[in-house]
Every structure is written in structure tokens, then in C-alpha cells.
Amino acid sequence: MTAPASSEPIASADAPIAAPAKPTVWRKLFRSPSVVIGLAIVLVMMFIGLIAPLIATSDPSAINPGARNRVPMATSTMRLDDGTRVTVTHYMGTDTLGRDVFSRVVYGARVSIFIGVAVALLSVSIGLVVGMIAGYIRWLDGIIMRIMDGLMAIPAILLAIAVVSLSRAGIVSVIIAIVVPEVPRVVRLVRSVVLSVREEPYVEAAVVSGTPTVKLVVRHILPNTVAPLIVQGTFICASAILVEAILSFLGIGIPPDIPTWGNIMAEGRQLFRIFPHNILYPGIFLALTVLAVNMLGDGLRDTLDPKMEKRG
Amino acid sequence: MKSVKLSRRTVMAGAAAAGALASSTGASAQGSANVLRVVMHSDLRIIDPIWTTAYIVRNYGYMIYDTLFALDAKGEVQPQMVDKYTVSDDKLTYTFTLRDGLMWHDNQPVTSADIIPSIRRWAARDPLGQTVMGFIGSMEAKDAKTFEIKLKEATGLLIFALGKPSSNVPFMMPKRVAETDPNTQITEFIGSGPFVFMRDEWKPGDRAVYTKFAGYKPRSEPASGLAGGKVAKVDRVEWRVITDQQQAVNALQAGEIDLIEAPSHDLLPLLKADRNIKLFNWNVLGNQYTMRFNHTTAPFNNPKIRQAVLYALNQEDFLKATIGDPEYYKVCKAMFVCGSPLETMAGMEDKLESNFAKARQLLQEAGYNREPVVLLHSTDLQVLTNLAPVAKSLLERAGFVVDMQSMDWQTVVARRVKRDPPTQGGWSAMLTSWVAADILNPVMAGFFNASGDRAAFGWPTDPEIETLRARFARANTAAEQKQIAEAIQRRVSEAPTHVHLGQWYSPGAHRGNISGWLEAPAPVFWNMEKGRGA
Amino acid sequence: MISYILRRLAATVPVLFTVAVMVFLMLRLTPGDPAAIIAGDNATTQQILDIRTKLGLEQPILQQFFIWLGGLMRGDLGESFFFRKTVFELISERIEPTLSLAFLTIVLAVAVAIPLGVLAAYRQGTWIDRVVMGFSVIGFSVPVFVIGYLLVYIFAIQLGWFPVQGYQRIGNGLGPWFRSLVLPAVTLSVIYIALIARMTRTSVLEVLSEDYIRTARAKGQTEMKVLFQHALKNAAVPIVTVVGIGVALLIGGVVVTESVYSIPGLGRLTVDAVLARDFPVIQAIILAFSFVYVMINLLVDLSYTIFDPRIRY
């Protein structure tokens, strides 16, 4: 990629050559069914996560070895330290430690969505800054892109294992572990948009007419990255929720005392054939959320992309 | 079928391939007559059973090596490579004679000159070996088949040690191999056991392959435990690696493999329901869950606080959470295992009952300062995963502050040998499991070693226990041994070195046409037959 | 063109060097100790120290790095800490299954995803489009291991069409080889089909609105020709890019898929080596993967010249 800028390929079709979005898009956004449905589901999931303490039937980490692997709707009785007995109905059954799967799933909404959003925001903002620098400052471009190539060349899962084992397994290390391999992809995207926009006649004209760099970036470059980054961001958000599950599958995810949809499924996978509920219910929540995030992203893109608008 | 180099099978494979895409005949084509396809509990990576204590390597050792003595099904030590032996009246001189016809896999005869360096190399690594070596004055080959061991002081442990059933097993190796530095792995894989290791077909992470050794002369007695005639009845044994437990069960049900050494307990109902599959509890003594303390740092450098743990925990919760089915676990307060000669309840009567009131009282008396217990939680080994959360829950109910840190097992293994303070990468407690055959007495069971820096990770220092262990090694009668074992258990119940959390059993599963699996502390593949049919 | 390729090849050296340094440091900083793992349960602190010395882990990090680098220059990847085998031997044993799986997966993904994507774009807004996009979204939403278990349950256990697990070497015949890889390849391809179909649809839609397509249509060219000759060719650059990026993702997917199906490939070797902290193996595999990845990137960039004549090197 040491070739001159004019020979740079346009790396993504999601990188439209567009003027900044107009305020009217907000109204249009809410006319798009995918945006409305996607947003609705995401909001419902977030709401479930928010009110988890109110709807959970028991402490999601409370173990009860005497009531393990119960089928959905089974009940169990637990004796508390003060001698009282409580009977709990397990809407989604229990896992191998006798923890209530329903309570874990609703609490899991908090962590899983948080991870998705945090990873997306972090990757996009880090990638945006680095990508801009790479695309704009020529002499740094080579160095940055070599490092990005190096980072990207390391298998993401392995990079994640290394990052997680560098520090104690937990939410922060898992987020970092997922962000690190995502950043180079965003950088490449942003950089290619910057490079292609720079070749546009109106930008070249602006450069020739002596527009300050900052103004150029804010007025012309930045707006052009918004649409592709939203699409990329939704993909990252959705995949982060999945990667978290894969890390759990490999035994290096968030420790099971903090329930996430991923680690509930990963823990339940050994009993897939006998007690499918441990994987089924968190799976449904996870798939629905990822689906909603993707629909939201699709809708946003269709609305923000003027070319689509023309066809619509 | 995979790597068998018989042209007939290759032809069959080709023929099957033609119509294989939509048929299920592939499985039966794979079930080639005299090949045993086995899934073991882990992958074979290291192939020096003296250098490592890993159970998979011990199992490998039993395939290709032979032992001087061996434990039979009744738990008694019987001669194996040894034909007969005599003990002098002062119990200080042992004279052994080897059996006729013992051969190494390179068809050279086994001689006394091979035996002595083999014993030395084992005794340099094994804790029980080290103890016994302290009693040995000299070892000498009298002739090709006779050797003599002279003791400095009498001990009842020599024959037991030479027949030690589990890691490290004193396997006999050729002289040139046995003379390898004990801290270096051996590079030649020749034994005198019933199977030959196929070095070229060994692919770590995929398979290890053994073939029958034509030159092996089994004893005439019927096989019993690890003793008796080791008759290889299959031509070939393939250890295949299937890391996913559920997939191993699926493969067994589909007939792609013949046997699983230790299927996950939660999957046993699937296997029980399958008429083509049989379960077999080969390791009758079972295993014991154990919680180990780090004695060098707060809070567990205080014996009273360790004893509080002994009061706070109960075995049933751990066993239920990991094993589940009561058929496969046993609450047992005897440290040296229920069903063994040293089984005793001494000192344990009121403990391991989750008496939180008593635990809180002890904590108060000990002046527990709410130092966090850094509890290592391994997340990738099915049989251990659920232990730490149960420990955390019980300890918290007793008033402990618990900081449970989750990691893969390999990290636990690396972490537990670190002596840093718990806040700087050290630890306070961790959970593991022992094969019962390894902890039958206080000398062989590593966690009772309380010699500080020279002890295993956790590093307990307790002169009283050490004195008792030394006395045990000198004890000559079973009654005396039992009495000392009781004293040790009493001492450990007051100042615990570790907490035993119950016994559990791990049945193997095999297809219906497999027979002859022996009850023994290790899974062995001699005497096993493969019949016709799926 | 040739000088460009040479320059790019030369540029791979610093990338691989960066990877080597990063990986080496990362491994030496992780808390795992291979010596403790090798030594096993009964080992004393002294025994572990002996093993560390034997493995050369007690030397200063910089010295370890240069010893390794020196070996690398001579083509010596070192010996595994665990297996009594050289790293080269281990990797060459494992490369066939992984290449086979990756090859079948990419072929399957491209063969299925591109027609689906084009179709969806062409029939934008119809039920076909919605089904394709629906599948694509679902493909993104289900973890690989769940897809694997589902496929095994249905096609191996219930129907008995394919083996549950395992890999048949290609030397044992094409039939068994293919049969053993069908389920893993389908499992692994789901997310790539989703990814590529989505990108194809987007790109083709973009192109379909261009003036020259309208011109082609106006000239009365058949829809097939418009779609596959004009639209797809012009949409190819982003599609090829995604296929290229997909290879990096593929390596991650391979790890999980090989675990589910017990395929003795590089993915499994990677996980095993990382969990056991088998440093020489990890370093070599990562370098190998990086090399492959860089080469694929180069091929992707070169392919732009074929698809987009405006791009010249």
C-alpha cells in the first residue's frame, strides 16, 4: 500500500461519496420499518437488562447443588441461613450449579448489551482517529498500516486469549480483547474513505482554494465516514456479543459469576442434547438482539445513504 | 480405517466412498475387527512417565512398560516381572529373581542391569520413591536375572513402593534409557510391556497408536487389577483425541469409536439409555476432590482459620454440583479414602458438616481480619469447573471474604506454584482432584508432606505431621501403620494441610461388543476383546 | 506490476517482524508458566526451576528473542516444549486438514453467497430479498458452536448421513475426505455466506443505480448480462475485499470448528499450544498465519487490477 493515493482501491461499497446528511433524515429514520423494529427490540432488551433486579426470580449467582439441571417451569425449594424456606419457579430451568437460568438470562442482557455497545464505540472511535491519521498524514501511513497489518494478521481469537490472560479475566479484559482485533478493520475502512474522498473534485478544489485542514476534515471527510462507520459499528456490536460467547466456549470468557448470554450458552453446551434449555433461551435472546442491532444498522444505512434514497 | 496401512481396508474405503455420501455405512466400515478406538481423558503430549505425573502418561506407561510388582483387584501387591523374591530374617536384605522370557520391544532380553537404573531414576522423581530410597543402602545385580536390595533400616514400604499403582509408577526401562538424567525427558520409547508404541503414528492432539507386542510373555495367572497375565487380545489400540465431551459421546453412539475412558457425568444418562453402550466403573476406589491451602500467606497461614474452612464446607454440595448422580459419588470423611486399609473417621466426626456458627466462632477467635481468600477457579475442566463456585458460596456464608478468580486450568497450574502475595499474582486456595490410588497413605499422598519449601505447592510447615510421616515409613505392621495414619488424620483435622471434599467415580463407557475391561486404578487395555458387530 | 509485487513482498518483512516482536513479548508477559504445566501435580518448586532452565526460560527475554530469531533465520522453528517433536514437524502434520477445511469453506461460501447476493439486489424489496437478508442476519446471530451442534444432531446423529467428528486424510480417498468435511465446512461457511451475500447485495445495488447500467439496459442487453457482466464485475472490488478480510475471520472460526468436530488441524494446535503456553509452537503458527494473511492481502490488491481497470500498479 505504498502506491500513490490515486491508485488506492475503494475498499468498501459502504463508503458512499456523499454530502453531509441533512436534518430531515431524522424524520425519515422513523419511517423505516427496520429502524423502528430494530430499535424497539434493542430498547426492550435494554429495558429488560435495566429492570433485571425487579423481574429476576432469584440471585443469578446463587447456587443450589440440590436443584441442578431442572427443566423449565420446575420448582425448587431453598433453605436460607435464617432457616426460612423459599420456593422458586424456574421459568427456564436451572443449570449444572442449580442457578436459575431465567434470572441469569435477564441479568445477562445487561452485560452482553454493554459489551456489544462498548466494543462498537471503542473500536469505531479508536479506528476513526487512527484511520484519519493514516489517511491524512502520509509519512505515518506506512508505519500505521504495517502495524495494523501485523495486528490483523494475528488470529483474533489468539490475540484475545493473550490479552485476556495478560490480565485477570473480566469484563474489561474481554472488551479490550475484542476491540484490539476489530480496530485495524475500522482503520482500513476509514482510511480508504479518506483516500477516496480526497480524490473527489470538490475536495481537491477545497484543498486548492486553501481550506484549512481541520475544516476540510470536519466538513468533508468526517461526514463521509459516518454512514460506513454506522454499518461497521453495528456489525462490530453484533459480532462482539458473539465473540464473547466464543471466548466463553474456549474457556477464557467472562467468569460465570457474572452471567452473560455467551457464558450461559457456553456452560450449557455440554448438555445440549439432554437439557437444551440452557443454550436455547439465552440463544434466543442473543440472536434476537443481534438481529435487531443488524436491522437497525441496515435501516440507518439505507436512510443515510443518499444513493439508496434516490432509488427508494 | 484412518491410518491402517492394510490394502484390503483401503479398498474397502474406496468402495465405501462411492456410495458413502448418503449412507451411514461409514461407521461400520471403520469398525475394523481388531482395532480398539479409544477416547482418553486427555491428549498424550509427554511420553516419559517418570518425568511427569500426568495420568495420561501413566496410562501410556501401562501400555508399553511392565512393572516389578503390581496391585491386584483386591488391592494386594503381587509379583509381575519378578518371579519370586526372598526377605532375610532381619528384614534388611531383599533378593529378587526375574521371570523367564522377559523381552524389550527391540527383542533384547530384560536383565537385572536394566532394573537397577530404572528403580534409581524413578526414585529420584517420585515422592514415595524418595522416601524409600532413604532406607536403601545398596542395590546390586547378582546375575542376569537376580538382584539384591539391602536396606539400612527396615521399612514396610519397599514392596508396596515397587508395586505403586499410580503416578509415578516404577516402570522398568532398558539400561541405556534408564540412565537418562531424571530431570531430562527420555527420547527412546522401548518397554517390555504388552503393547508397542508406534512413534511414527503419534500425532499429539490427534492420536497415539499402539500395536500388540508379539514377544510379550504374560504370566500364567488370570489378569486381576494391574497384576496377573497381561494378554493383549487386540492387535492395535488407537487413542483418539476428541476434546469436546459431547462429541465424544456422539461418536461412541455412532460407532465411530469403541470406548471412552471418562465420559462427562452429565452425559451419562444419554449413554445409559443407549442399548449398544455399556458403562463400567474401572477405577473402583475412585477419586477424591481436594481443596489446597496456601500456608505461606494470610489468611490461611493461620491453622485456626484453615480449621474454620473444615467446619464451613460440606462434601455433598461439591459432589452434587460436579457429579450430580449419587450413584457416582460418596460422601467420605476418611482422608486416606473409604474402602482402603487406612480408612478412619478419627478427628473428622463434627467437621465437613457446614457448621457455619462454629466456623464463624473460630474465625472470631483467630482474629480473622477479612483478608480476601483468593480462590483459583478453573473453567475448562468439566470435573473441576463447578467446585470453586460452591466453595465460594459456602465460605462466604461462613463469613469469609472470597475473591474468586477464573482462568483456564493451565493458568491455575502455573499460578499455584507462585509464592507471591495473593494481591500480586499469588493465591490462597485452589481445588483439584486426586486419584484415590495415589493417596492411600500419608507418605505417598503429596498433600500431607508438610516440610515447608520442600513440600508441594501450598508449602505447609508442620513438624508434628513430618514426625508422624517418618514414623509411618518405619512402621512394619499394618496395625502400626493404621495407628499412625489415625494420628496424622487427627492432626490434619486440627491444622489442615488441605480439605478432602468427597469421593467420586468416573465410569468408562464402551460399545457392547467390547469385553474384558479390568477393574484397576488405571485404565488398561490388555485382556480387552473386541467382538463382532457394532 | 512485477516491481510492485516485489516491493510488496519486501514490505511483508517488516510486518512479519512486527508480528514476531509483538507475539514474543505478549507470550513472555502472560502469567502462564510452561514449566509448571510440564512438571505436573507433584512437582516441587526446584523441579519447576530445573525445567525452566532446561527450556531456556531463565535467560533474559532479549537473549531468548535473539536465540529464537537466529534459529528462524536458519529456517529452524525450534522444538515444542511438550511434544518430542520439532515445530516444523507438528505444523506440517496439521496443515492438511486446515487447508482442506478453509478451501471447502471459501468455495462453498463464494458459490452460495454471490448468486444469493446478486439475486437479492436484483429483486430488491421482494420476498427473495427478505429471505436472503433474513438468512444473512440469522447467520450473523448464531454462535458457530451452536450451528455445529445443531448440524451434528440433525445430519450425523438423527439422519446418519455424515460422521459425527473426525477427519479423513485426502490420501485415504476423495470420498471419505469430502464426507468428513461436509458438516464442518457448512458450519464454518454460514457466517461467511451471510457476510459475502450482504456485501454482494450492497455493492450490486450501488452499481445498479449507476448510469452505465441504465445505458446497458436501455441498449436492450439481457438482464442476466447486465447483472453478471456489468453489475457484478463493477461490484467486485468490495466483494473481493470482504472475501479477503473473511480469511482472517476464517482462521478464528477454524479454531472453534476444529474443536467441535475434532479435526486435527492448525486451529486446534493453536488453542492447545496457547493453553499449554507452548511458546515455540505459538510463535511459529502465528508467523505462519501472518504470512498467509499478508499474501492473501497482496492477491486481493492485485485482483483489483482485474476487476477495476482504473486501478493500476
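A: Let's start with a term: domain bounds come from an automatic or database domain assignment. Keep in mind that the model here is predicted.

Q: Okay, which domains does the assignment give chain B?

A: It gives domain 1 (36-261 + 511-530) and domain 2 (287-504). Taken over C-alpha atoms, the centres of domain 1 of chain B and domain 2 of chain B are 30 Å apart.

Q: How do I read the area buried between domain 1 of chain B and domain 2 of chain B?

A: The general idea: people often give the size of an interface as the accessible area lost when the parts come together. For these two domains of chain B, that's about 1,300 Å², with 59% of it from carbon and sulfur atoms. On the domain 1 side, Tyr55(B), Leu157(B) and Phe160(B) lose the most area to domain 2 of chain B, together 29% of what that side buries.

Q: How many salt bridges does the rule find across that interface?

A: For domain 1 and domain 2 of chain B, the rule finds 1 salt bridge. It also finds 7 residue pairs in polar contact across the interface.

Q: Let's switch to chain C. Which residues of helix α3 (residues 45-54) are buried?

A: In α3 of chain C, Gln47(C), Ile48(C) and Ile51(C) are buried. They cover an arc of only 100° around the axis, which puts them on the same side of α3(C). The general idea is that an α-helix has 3.6 residues a turn, so residues three or four places apart point the same way.

Q: And what comes just after α3(C)?

A: There you'll find Gly56(C), with a positive phi of about 80°.

Key:
Residues are numbered from 1 along each chain as its sequence is written. Chains are lettered from A and ligands numbered from 1 in the order in which they are written. This is a predicted model: local features need pLDDT of at least 70, side-chain atom pairs count only at pLDDT 80 or more; totals for chains, interfaces and linings use all residues. Side-chain values use heavy atoms; hydrogens and water are left out. Buried means under 20% relative accessible area, exposed over 50%, partly exposed in between (1.4 Å probe, protein chains only). Helices (H or I, at least four residues) and strands (E, at least two) are DSSP runs, numbered from the N terminus. The arc is that of the directions from the helix axis to the C-beta atoms. Buried area is the accessible area (1.4 Å probe) that two parts lose on being put together, summed over both. A salt bridge is a side-chain nitrogen of Lys or Arg within 4 Å of a carboxyl oxygen of Asp or Glu. A polar contact is a pair of N or O atoms within 3.5 Å; within protein, one must be able to donate a hydrogen and the other to accept it, and residues adjacent in sequence count only if both atoms are side-chain atoms.
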